[in-house]
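Let's take a walk through a protein model, stopping at its core, its hollows and its charged pairs. Keep the picture open while you read.

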Amino acid sequence: MSVEAARNLYTGRVNTEVVNLLLENARFAELTYRISQYFDDTFASGIAAQNAMLTTLSTLLRTRVKTPEAAKAAKDISLRRKPVYQGDLDDIEMYFMATVKEIKKGIGSHYAEQEAMSKKVAEKMFAELTKGQDVQHPTITAEQLTDAMLDSVSGMEGATPEALEQLRNGLLGILQSAAEQENAHEADE
């Protein structure tokens, strides 16, 4: 491992957990092999040689055989040329994405838990805001909604009184603006 790589790991510039997951994955070894072939032009040199043959054949057909069929064949042959590194890049992308998907499948997903928690928070907030009201036509002010949202995040790390006040002012401004637009839209109808 290079000094710069070790420094990146030590300083936290790269996520060591992700690096570990990649290094532990068997598919990642194949990916690094494919990348090394890309770096040393293993396949690119073969594609370049193939392209040179196709160019030569196309040129010979165009210059030596003066028929419409030969011109069409020369064009068709010329279209068979490929970008030299495209195959390598496609393979690397395919192996990288397969590696990442395999790792993700192994570690699972937590979004369902977060979605359920958000749903519970929203339902609790709605129940508190509409307490004693007609649920079909509740009256909730922008201030009430803002305060309920702030209450749900007030225990989070970094939720200082100053930060909460800034968030309150921003949310209140957005909600009041949305309400004004809604009222203007209803008045137009």
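What follows is a short tour of this structure, which is a predicted model.

**The core**

Let's start on the inside. In soluble globular proteins, nonpolar side chains tend to be buried together. Which residues make up the largest nonpolar core here? There are six of them: Leu22, Phe28, Leu31, Ile92, Tyr95 and Ile103. Two helices, α3 (26–39) and α6 (86–107), each give two or more residues to this core. The largest share, three residues, comes from α6.

Pick out Leu22 and look at what surrounds it. Leaving aside residues up to four places away in sequence, Leu22 touches Phe28, Thr99 and Ile103. Phe28 and Ile103 are also listed among the core residues.

**A cavity**

Now for empty space. Rolling a probe the size of a water molecule over the atoms shows where empty space is left. How many cavities of 30 Å³ or more does a search of the whole structure find? The search finds one, and the largest cavity holds about 30 Å³ of space.

Around the largest cavity you'll find Arg34, Gln37, Phe43, Asp88, Asp91 and Ile92. If you remember Ile92, that's because you met it in the largest nonpolar core. The helices α3 and α6 turn up again too, each supplying at least two residues of the cavity lining. Once more α6 gives the largest share, with three residues. Sorted by class, the cavity lining has two nonpolar residues, one polar and three charged.

**The largest pocket**

Next, move along the chain to the largest pocket, with a volume of about 210 Å³. Its lining is made of Lys120, Val121, Lys124, Met125, Glu128, Ala148, Asp151, Ser152 and Val153. Which helices each supply at least two of these lining residues? They are α7 (111–129) and α8 (142–153), and the largest share, five residues, comes from α7. As for chemistry, the pocket lining has four nonpolar, one polar and four charged residues.

**Charged pairs**

Side chains of opposite charge can pair when their charged atoms come close. In this model the count comes to eight salt bridges. Here are three of them, with the distance between the closest N and O atoms and the relative accessibility of each partner.

| Salt bridge | Closest N and O atoms | Relative accessibility |
|---|---|---|
| Arg13 and Glu4 | 3.9 Å | Arg13 65%, Glu4 37% |
| Glu128 and Lys124 | 3.9 Å | Glu128 48%, Lys124 53% |
| Asp147 and Arg168 | 2.9 Å | Asp147 37%, Arg168 21% |

Take the pair Glu128 and Lys124. These two are four residues apart in helix α7, so about one helical turn separates them. Both are also on the list of residues lining the largest pocket. Is Lys124 buried or exposed? At 53% relative accessibility, Lys124 counts as exposed, while Glu128, at 48%, counts as partly exposed. The cut-off for exposed is over 50%, which is why these two get separate labels.

The salt bridge between Asp147 and Arg168 has its closest N and O atoms 2.9 Å apart. Asp147 sits in helix α8 and Arg168 in helix α9 (residues 161–188), so this pair ties together parts that are 21 residues apart in sequence. Asp147 counts as partly exposed at 37% relative accessibility, and Arg168 counts as partly exposed at 21%.

Salt bridges can also share partners: Glu4, Arg7 and Arg13 are joined into one network that way. Within this network, Arg13 counts as exposed at 65% relative accessibility, and Glu4 is partly exposed at 37%.

**Two more stops**

Most residues other than glycine have a negative phi, and most peptide bonds are trans. Asp41 has a positive phi, near 60°, and is not a glycine. Where does Asp41 lie? You'll find Asp41 in the loop between α3 and α4 (42–64). With a relative accessibility of 30%, Asp41 counts as partly exposed.

Finally, look for Thr63 in helix α4. Thr63 counts as partly exposed, at 45% relative accessibility. Thr63 and Ala74 are eleven residues apart in sequence, and from C-alpha to C-alpha they are 9.6 Å apart in space.

Conventions: Residues are numbered from 1 along each chain as its sequence is written. This is a predicted model: local features need pLDDT of at least 70, side-chain atom pairs count only at pLDDT 80 or more; totals for chains, interfaces and linings use all residues. Side-chain values use heavy atoms; hydrogens and water are left out. A nonpolar core is a set of buried Ala, Val, Leu, Ile, Met, Phe, Trp, Tyr and Cys residues joined through side-chain atoms within 4.5 Å. Buried means under 20% relative accessible area, exposed over 50%, partly exposed in between (1.4 Å probe, protein chains only). Contact means heavy atoms within 4.5 Å. On a 1 Å grid over the protein atoms alone, a cavity is a set of points where a 1.4 Å probe fits but cannot get out, and a pocket is an open set with protein on both sides within 12 Å along at least five of seven lines; lining residues have an atom within 4 Å of a point. Grid points are joined across faces, edges and corners, and a volume is the space filled by probe spheres set on the points. Ala, Val, Leu, Ile, Met, Phe, Trp, Tyr, Cys and Pro count as nonpolar, Asp, Glu, Lys and Arg as charged, and the others, Gly among them, as polar. A salt bridge is a side-chain nitrogen of Lys or Arg within 4 Å of a carboxyl oxygen of Asp or Glu.
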